Amino acid sequence: MRPLLCLLLCAASPLYPQQADLPQRKPETLLMMPEPKAMRTAFSIIPAGAKQTVLTPYREASQATGGLEAYGQESLARLGFGTETFLERAKTAADKRLLQLRPDLVKGADGKIAYAVYRGESPLFATLLIAPSLPKIFEDLFGREIWVALPDRHALYVFPARPDLIEEFHEDLAERYAEDAFAASCEVFALKVGAEPTVVATFAPRE
């Protein structure tokens, strides 16, 4: 059993039961999807420090089917604003989704909270990366800086800013990234209140 999965099944905090999917809502039209740079479009944005990840404007084709599609030139033009404005509006939309969710808080062997995870069937969890409130939510628990990993679209892991934790879960995160058809990022992002996500590490599969 994978280490992260084992911890989720065996040590999730009773205060935060297994996360359900996002509540019923209208299809999202303002999504900044983290994805491998090989998937980039003309409208993708490169996050600070990123070598393997881009943020691409997406929308839900249908919430019922879970279909997502990247914006093309014509569909983005119909919105009436450019990529930078799209990003700012996508941050607001991500914050609204984030504030409807509770993470699982996962304990380590010492009984303390080791990390948190937002995870479910919805393909929108990785888009929470840009939510401005995310570092504020975990400030009391993990400090002013958090590190975030999102190996696929269905999960977002929140860690204290500790390289040893990333090393501990390196293989598990790398496997999730490599095996998922909808991989998001093999890079780790540092988040602080008021600052843009910045890449500080990677869990790319080792040669």
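# A guided tour, starting at a hairpin

Begin at Gly194: this residue takes a positive phi near 85° in the hairpin of E8 and E9, which has five residues between the strands. Strands (E, at least two residues) and helices (H or I, at least four) are DSSP runs, numbered from the N terminus. The model you have open is predicted, so local features need pLDDT of at least 70 and side-chain atom pairs count only at pLDDT 80 or more, while totals for chains, interfaces and linings use all residues. Residues are numbered from 1 along each chain as its sequence is written, and side-chain values use heavy atoms, with hydrogens and water left out.

**Stop 1: the strands around E8**

Select residues 187-192, which form strand E8. Is this strand enclosed or open? Five of its six residues are buried, so E8 is largely enclosed by the rest of the structure. Here, buried means under 20% relative accessible area, exposed means over 50%, and partly exposed lies in between (1.4 Å probe, protein chains only).

Now add residues 198-202, strand E9, which runs antiparallel to E8 and is joined to it by four bridges. Two strands pair if DSSP finds at least two bridges between them. Look for Ala190, and you will find Thr198 of E9 opposite.

Next, show strand E6, residues 145-149, which pairs with E8 in the antiparallel sense over five bridges. In this pairing, Ile146 stands opposite Leu191 of E8. As you look along the strands, remember that in a regular strand the side chains alternate between the two faces of the sheet.

**Stop 2: Glu145**

Stay in strand E6 and pick Glu145. Glu145 counts as partly exposed because its relative accessibility is 23%. Which residues does Glu145 touch, not counting those up to four places away in sequence? They are Ala161, Ala190, Leu191 and Lys192; contact means heavy atoms within 4.5 Å. You can also draw a line from the C-alpha of Glu145 to the C-alpha of Arg162: the distance is 9.9 Å, with their positions 17 residues apart in sequence. Keep Arg162 on display for the next stop.

**Stop 3: the largest pocket**

What volume does the largest pocket have? About 200 Å³ of space lies in it. Of its 13 lining residues, the closest to the centre are Asp110, Ile113, Ala114, Arg162 and Leu165. Strand E5 (113-119) and helix H6 (163-168) are the elements that give two or more residues to the lining.

A word on how it is found: on a 1 Å grid over the protein atoms alone, a pocket is an open set of points where a 1.4 Å probe fits, with protein on both sides within 12 Å along at least five of seven lines, and lining residues have an atom within 4 Å of a point.

Colour the lining by class and you get eight nonpolar, one polar and four charged residues.

**Stop 4: a second hairpin**

Keep E5 selected and add strand E4, residues 104-107: the two run antiparallel, joined by four bridges. Leu105 stands opposite Ala116 in E5. In their hairpin, with five residues between the strands, look for Gly111, which takes a positive phi near 85°.

**Stop 5: Thr53 and Glu69**

Move to Thr53 in strand E2, residues 53-62. Is Thr53 buried or exposed? Thr53 is buried, because its relative accessible area is 1%. Beyond four places away in sequence, Thr53 touches residues including Pro34, Ile46, Cys186, Glu187 and Phe189. The C-alpha atoms of Thr53 and Pro36 are 4.8 Å apart, although the two are 17 residues apart in sequence.

For another setting, select Glu69 in strand E3, residues 67-70. Glu69 counts as partly exposed, because its relative accessibility is 32%. Leaving aside neighbours within four places in sequence, Glu69 is in contact with Pro57, Tyr58, Arg59 and Ala61.

**Last stop: the whole protein**

Zoom out to show everything. The secondary structure comes to seven helices and nine strands. Of the 207 residues, 49% count as buried. Among contacts with a separation of 6 or more, 64% are between residues 24 or more positions apart.

Conventions: Points joined across faces, edges and corners; volume = space filled by probe spheres on them. Nonpolar A, V, L, I, M, F, W, Y, C, P; charged D, E, K, R; others polar.
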